[in-house]
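Here are a few worked exercises to try with the coordinates open in your viewer. Have a go at each task before reading its solution.

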Amino acid sequence: MSHPRLDVAVREHAALGEGPTWDPATGRLIWVDILSARIHTYDPATGRRTVMATEQHVGAAKPRAGGGLVVNLRDGIGLYDADGAFRWLVHDAEPGRRGNDAAVAPDGSLWAGTMRYDDTEVGGSLTRVAPDGTAARVLPLVACSNGTGWSPDGRLMYYIDTPTRRIDVFDVDGEQVVGRRPFATVEEGAGFPDGLTVDAEGAVWVALWDGAALRRYTADGTLERTVALPVRRPTACAFGGRELRDLYISTARAGLDAPHPLSGSLLVLPDAGQGMPGTAFAG
């Protein structure tokens, strides 16, 4: 277990901070507070922050190629234009269900997860949303759809359904993924895998909910590093900054009787590794 230097990027009391994403077009980090229905941005060069309220719980917010954001909301996938105007891309409301984590694939499509508010087993899904709004259900029987990411060459997709305690890996076959198999398993007592990111070496970093740690697995699935954190519920991580070397970590305080003072803040591990340039949603 390593204890590298850890900084506070944004001191916040987010109920369920999630989904940090670097936007190179604006030089800002985007992250959400799901349960408070807020989208946050942070510019590490200036320290400037913004907070935008959404009409519904927001599981993820990702940059669009033409400016603005694509968002995974309670009732489907929405688009914010650069001027703040909103419209639905996919409206698919289902009582008791909300959007959760999401990721943009190398081809510019959005892979959006859902889950039930009551955590019903296999009540969620993972759906691929094309730039034109065409939606195809990829995994229909998911409990809590979370981290999703791609290898540097785009040939593999990593995926987490949190209650399984596994990071799974698929082969990418065009717009489909096939050959699902375990990549790594988080042992009982070490927390639950939540959000993930893939670095330039093809290693997978995963946040451990209730585990107070991040883990780095090499491309062959070997646990190479565990980074201890002061907060019990880290939720996701992403590389950002001008050279994509700083690892940002979102955190949560929801459900904790005595949360650490930094629970809900956006944390950062400076010079943690080398991230990969992300892809903006093409819609």
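**Exercise 1. Place R216 and work out what its side chain is doing.**

Before starting, note that this is a predicted model.

Step 1: find the element. R216 sits in strand β20, which covers residues 213–217.

Step 2: is R216 buried or exposed? The cut-off for buried is under 20% relative accessible area. R216 comes in at 7%, so it counts as buried.

Step 3: look for polar partners. The R216 side chain makes a polar contact with the side chain of D199 at 2.9 Å. It makes another with the side chain of E201, at 2.8 Å.

Step 4: list the surroundings. Skipping neighbours within four places in sequence, R216 is in contact with D199, E201, A203, V204, W205, T222, L223, E224 and R225. The two acidic polar partners, D199 and E201, turn up in that list too.

**Exercise 2. Check the backbone of the loop just before β20 for unusual phi values.**

Step 1: take D210, which lies in the loop between β19 (204–209) and β20. D210 isn't a glycine, yet its phi is positive, at about 65 degrees.

Step 2: move on to A212, in the loop between β19 and β20. What is the phi of A212 near? The value is near 50 degrees, again positive in a residue other than glycine.

Step 3: check the exposure of both. D210 has a relative accessible area of 27%, so it is partly exposed. A212 is at 24% and therefore counts as partly exposed as well.

**Exercise 3. Describe the setting of G195.**

Step 1: locate G195. Its strand is β18, residues 192–198.

Step 2: get the accessibility. G195 has a relative accessible area of 0%, so it is buried.

Step 3: which residues does G195 touch, leaving aside those within four places in sequence? The contacts are D101, G147, W205, V206, A207, T235 and A236. W205 is also one of the contacts of R216.

Step 4: try a long-range distance. G195 and H57 are 138 residues apart in sequence, and their C-alpha atoms are 18 Å apart in space.

**Exercise 4. Do the burial and contact check for R97.**

Step 1: R97 belongs to strand β10, residues 97–104.

Step 2: with 6% relative accessibility, R97 falls under the cut-off and so counts as buried.

Step 3: not counting residues up to four places away in sequence, R97 touches R74, D92, T114, M115, R116, Y117, G123 and R137.

**Exercise 5. Zoom out and characterise the whole chain.**

Step 1: count the elements. The protein chain has zero helices and 24 strands.

Step 2: test the overall size. A compact globule of 283 residues would have a radius of gyration near 19 Å, and the chain's 17 Å agrees with that. Along the principal axes, the C-alpha atoms fill a box of roughly 45 × 45 × 40 Å.

Step 3: look at burial and surface. Buried residues make up 55% of the 283. The chain exposes about 11700 Å², with carbon and sulfur atoms supplying 49% of that area.

Step 4: what share of the contacts with a separation of 6 or more comes from residues 24 or more positions apart? The share is 42%.

Step 5: finish with charge. There are 28 positive and 36 negative charges, and their mean positions are 3 Å apart.

Key. Residues are numbered from 1 along each chain as its sequence is written. This is a predicted model: local features need pLDDT of at least 70, side-chain atom pairs count only at pLDDT 80 or more; totals for chains, interfaces and linings use all residues. Side-chain values use heavy atoms; hydrogens and water are left out. Helices (H or I, at least four residues) and strands (E, at least two) are DSSP runs, numbered from the N terminus. The radius of gyration is taken over C-alpha atoms; the globule rule is 2.2 Å times the number of residues to the power 0.38. Buried means under 20% relative accessible area, exposed over 50%, partly exposed in between (1.4 Å probe, protein chains only). Contact means heavy atoms within 4.5 Å. Accessible areas come from the Shrake-Rupley method with a 1.4 Å probe; for residues, only the protein chains shown count as cover. Lys and Arg count as positive and Asp and Glu as negative; His and the chain ends are not counted. The place of a charge is taken as NZ of Lys, CZ of Arg, CG of Asp or CD of Glu. A polar contact is a pair of N or O atoms within 3.5 Å; within protein, one must be able to donate a hydrogen and the other to accept it, and residues adjacent in sequence count only if both atoms are side-chain atoms.
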